[in-house]
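Q: Please take me through one part of this model in detail. Pick a single element, and tell me what it packs against and how it fits into the rest of the chain.

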Amino acid sequence: MFMAKEEKKEENEEAVILILRLLNRRFGELDSNLVEPIQALGVSELEMLAEALLDFSTVADLER
């Protein structure tokens, strides 16, 4: 079944919010130069980032 465009956008926005909450909890508030690229990611990229952030020790890991 295909998702409506708005449903995909909503799913993406929810994923961004969750990932940013997790990153902010781990590292404190992030600079906008890190937040903006995250907001531009697609759902599959956000899923990969969500898994990878469990291994991050510093903000530098996120930047890479």
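A: A quick definition before anything else: pLDDT is the predictor's confidence in each residue, on a scale from 0 to 100. You'll want that here, since this is a predicted model. The chain's mean pLDDT is 90, with 95% of its residues at 70 or more. Let's go with helix 1, residues 5–27, where confidence is lowest, at a mean of 90. For contrast, the highest value belongs to helix 2 (residues 32–39), at 95.

First, the setting. The chain has 64 residues, and its secondary structure amounts to four helices and zero strands, so to speak an α-α-α-α pattern when you read along the sequence. Its C-alpha trace spans about 40 × 20 × 20 Å along the principal axes. Of the contacts with a separation of 6 or more, 62% link residues 24 or more positions apart.

Now to helix 1 itself. Its 23 residues reach 33 Å from the first C-alpha to the last, close to the 33 Å expected at 1.5 Å a residue. Right after it comes Gly-28, with a positive phi near 85°.

Which residues of helix 1 are buried? They are Asn-12, Val-16, Ile-19, Leu-20, Leu-23 and Phe-27. As a reminder for reading that list, an α-helix has 3.6 residues a turn, so residues three or four places apart point the same way. The buried residues of helix 1 pack against helix 2, helix 3 and helix 4 (59–63).

Much of this comes together in the largest nonpolar core, which has 14 residues. Ile-19 and Leu-23 are among those with the most contacts inside this core, along with Leu-30, Ile-38, Phe-56 and Leu-62. Helix 1, helix 2 and helix 3 (43–52) each supply at least two residues of the core, and helix 1 gives the most, with five. That fits a familiar rule: in soluble globular proteins, nonpolar side chains tend to be buried together.

Two partners from outside the helix are worth following back to it. One is Leu-30: setting aside neighbours within four places in sequence, Leu-30 is in contact with Leu-20, Leu-23, Asn-24, Val-35 and Leu-62. The other is Leu-53, which sits in the loop between helix 3 and helix 4. With the same kind of neighbours left out, within four places in sequence, Leu-53 is in contact with Ile-19, Leu-22, Leu-23 and Arg-26. The C-alpha atoms of Leu-53 and Arg-26 are separated by 9.3 Å, though the two are 27 residues apart along the chain. Leu-53 counts as buried because its relative accessible area is 5%, under the 20% cut-off.

Finally, the polar member of the buried set. Asn-12 is in helix 1, and Asn-12 counts as buried because its relative accessibility is 16%. Not counting residues up to four places away in sequence, Asn-12 touches Gln-39, Leu-41, Gly-42, Val-43 and Leu-46. One of those partners also offers a polar atom: the backbone oxygen of Leu-41 lies 3.4 Å from a polar atom of the Asn-12 side chain.

Methods
Residues numbered from 1 in each chain as written. Predicted model: local features only at pLDDT ≥ 70, side-chain atom pairs only at ≥ 80, totals over all residues. Heavy atoms only, no water. Core = buried A, V, L, I, M, F, W, Y, C linked by side-chain atoms within 4.5 Å. Buried < 20%, exposed > 50% of the residue type's maximum accessible area, 1.4 Å probe, protein only. Contact = heavy atoms within 4.5 Å. Expected span 1.5 Å × (residues − 1). Polar contact = N/O pair within 3.5 Å; in protein donor to acceptor, adjacent residues only side chain to side chain.
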